[in-house]
Amino acid sequence: MRVRPILSLAVVTALALTAPALAAGVATAATLAAPAPAPAPAPKAAPNAGPTTPAAFVPIVPTRVLDTRNYDQVGWNVPVRPLAAGENYLVNLQRREGHMPPSFINVVPAGATAVVVNVTATDTTADGYLSVGPEALPDGTVPPTSTLNFKPGATVAAMATVAIKQGQVPSINVYNHEGRTDVVVDVLGYYLAGAPDKYAPVRPTRVLDTRDGAGTPMGGWATRTVDVAREDLHTADAKAVILNVTVTAPDANSFLTIWPHDALPHGAERPDASSINFEPGRTVANQVVVPVGPDGKINIFNRAGNAHVIVDVVGSYGPSGTGLFSAIEPVRLFDTRTGGGAGQLPFSVTERPVAGSFGVPADAVGAALNITATQATQAGHLTVYPGNQGRPNTSTLNFTPGLTVANSATVGLDHNPVDIYNHAGFTHVIGDLTGYFVRG
């Protein structure tokens with residue numbers, strides 16, 4: 001196993017995913033995807049590392065700290081090349097400014113406990129996955145969980161919440177399991193003890209569906225503004241919102257960028273970052289955390305082609321929130337491929353206890369999960385939501401036969417289990433825990 005140290009990292013200068021990169025990101029038709037790693041389920045005990053000190057959230061405009069394709073967005077004197085199979089990549093949470101020599105500014109301050117990042121794999125060469133964690137495991141050790149899965153030639157993004165490796169420069173680690181892949185990392189925010197904005201669970205609620213009404217998709221270079229700080233959502237004082245964003249029926253390789261809206265002239269420029277990547281004909285979802293503009297709104301930008309966009313609000317951060325986050329070393333909660341491999345049938349709901357097990361306090365108010373669907377028999381979607389509250393009219397991730405698909409799910413608990421609904425077909429479902437929220 002190779003470890004590539006990065007002494008310092010990138011500035012927000014290059015376009016999120018350039019047109020040539022997007023053109024290279026067309027997934028090939030494939031046989032059944034390679035599944036995520038399948039160790040035996042973890043015992044119901046505290047994870048090996050952590051939990052970190054409970055902390056509130058500090059949102060930032062998406063900021064790029066790594067692009068392995070760009071000389072300006074890797075470390076000083078570090079080769080520009082994809083990650084190789086079995087390679088770990090130390091990602092310093094910095095942006096680069098100036099030239100010869102450049103200066104490096106921490107995006108995440110010393111003392112931050114965890115970071116929320118959007119991770120993109122592109123120009124992939126094999127069936128594989130990335131696993132994001134606080135640091136590399138001992139030499140020759142494969143991480144027990146996965147963050148995102150990909151096929152050859154794909155461009156895939158996923159949000160991850162990761163404990164930070166402390167030091168003079170805060171950092172995280174990205175591990176590539178198979179083939180070669182370029183990696184892009186954008187920071188969405190971080191957790192810091194004493195910060196004012198705490199987590200508040202929101203019953204998943206749809207706030208945008210461009211298929212409704214006239215059914216007009218978003219065109220290329222189009223921007224849509226969405227009101228997300230609303231009394232009816234209990235998010236009126238939110239400083240940031242947690243969204244599940246789905247793109248369906250796209251006709252081009254493209255990406256969305258989501259950032260806070262500012263109604264003032266010349267305000268809130270669009271950042272050079274991507275929130276979700278997609279290709280023609282596929283339905284793709286990704287969870288996003290985005291600051292709320294001073295008018296309570298956010299912007300959504302589509303780079304190219306036409307695509308329908310669906311936005312569900314699943315949580316928020318603000319002064320009226322009560323949840324403080326503790327990150328842990330990712331641990332596998334369940335894997336339906338083990339213990340008989342029953343999987344999940346269509347139109348079924350599976351109840352998964354989280355609070356009170358795996359080191360999660362019984363009175364936890366929420367959890368940060370990574371949910372993976374694999375070996376699906378037909379196209380469908382999963383909905384992850386708080387148990388005992390009734391199933392909402394929203395979705396968490398969409399899947400198709402032959403692909404392994406993952407997405408983050410931030411879900412309220414309040415003494416309830418987590419329910420997972422499968423809308424169509426048979427699929428195996430894998431759940432990993434990356435942290436939890438306690439009342440504070």
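How many helices and strands does the protein chain have? The protein chain has one helix and 27 strands, where helices (H or I, at least four residues) and strands (E, at least two) are DSSP runs, numbered from the N terminus. Please keep in mind that this is a predicted model, in which local features need pLDDT of at least 70 and side-chain atom pairs count only at pLDDT 80 or more, while totals for chains, interfaces and linings use all residues. Residues are numbered from 1 along each chain as its sequence is written, and side-chain values use heavy atoms, with hydrogens and water left out.

Let us begin with the whole chain. Of the 440 residues in the protein chain, 61% are buried; buried means under 20% relative accessible area, exposed means over 50%, and partly exposed is in between (1.4 Å probe, protein chains only). Among contacts (heavy atoms within 4.5 Å) between residues at least 6 apart in sequence, 85% join residues at least 24 apart.

Now to a sheet. Strands 2, 11, 6 and 9 form an open sheet in the order 2-11-6-9, with antiparallel pairing; two strands pair if DSSP finds at least two bridges between them. Strand 2 (56-67) and strand 9 are the edge strands, each pairing on one side only. From one strand to the next, the twist averages 20 degrees, taking axes as lines fitted to C-alpha atoms (for helices over the stretch in contact) and angles from 0 to 180 degrees between N-to-C directions. Strand 6 (residues 114-122) runs antiparallel to strand 9 (residues 156-163), and eight bridges join them. One residue to look for in strand 9 is Thr161, the bridge partner of Val116. Thr161 counts as buried because its relative accessibility is 12%. Beyond its neighbours within four places in sequence, Thr161 touches Val115, Val116, Tyr191, Phe325 and Thr434.

What lies in the nonpolar interior? A nonpolar core is a set of buried Ala, Val, Leu, Ile, Met, Phe, Trp, Tyr and Cys residues joined through side-chain atoms within 4.5 Å. The largest such core has 64 residues, and Val115, Val117 and Leu433 are among those with the most contacts inside it. Apart from this core lies another, of 27 residues, including Val228, Leu243, Ile258 and Val290.

Val290 leads us to strand 17, where Val284, Asn286, Val288 and Val290 point one way and Ala285, Gln287, Val289 and Pro291 the other. In a regular strand the side chains alternate between the two faces of the sheet. Eight of the eight residues of strand 17 (residues 284-291) are buried, so this strand is largely enclosed by the rest of the structure. Strand 14 (residues 240-248) runs antiparallel to strand 17 and is joined to it by eight bridges, with Val247 facing Val284 as its bridge partner.

Strand 7 (residues 128-133) is another enclosed strand: six of its six residues are buried, so the rest of the structure largely encloses it. Gly128, Leu130 and Val132 lie on one side, and Tyr129, Ser131 and Gly133 on the other. Three bridges join strand 7 to strand 8 (residues 148-150) in antiparallel fashion, and Gly128 has Phe150 as its bridge partner there. Strand 7 also pairs in the antiparallel sense with strand 10 (residues 171-176), over four bridges, where Ser131 stands opposite Tyr175.

Further along the chain, another open sheet of four strands has the order 21-26-23-24, again with antiparallel pairing. Strand 21 (348-352) and strand 24 (397-399) stand at the edges with a single partner strand each, so one side of each is left without a neighbour in the sheet. Five bridges join strand 21 to strand 26 (residues 418-422), and Thr350 has Ile420 as its bridge partner.

Finally, look at the rings and a loop. The whole structure holds nine aromatic pairs, counted when ring centres of Phe, Tyr and Trp (its six-membered ring) lie within 6.5 Å; planes under 30 degrees apart are stacked, over 60 edge-to-face and the rest tilted. Phe57, Tyr191, Tyr199, Tyr317, Phe325 and Phe437 are linked by ring pairs into a cluster. In the loop between strand 18 (297-302) and strand 19 (308-318) sits Ala304, which is partly exposed at 22% relative accessible area. Ala304 and Ser254 are 50 residues apart in sequence, and their C-alpha atoms are 5.3 Å apart in space.
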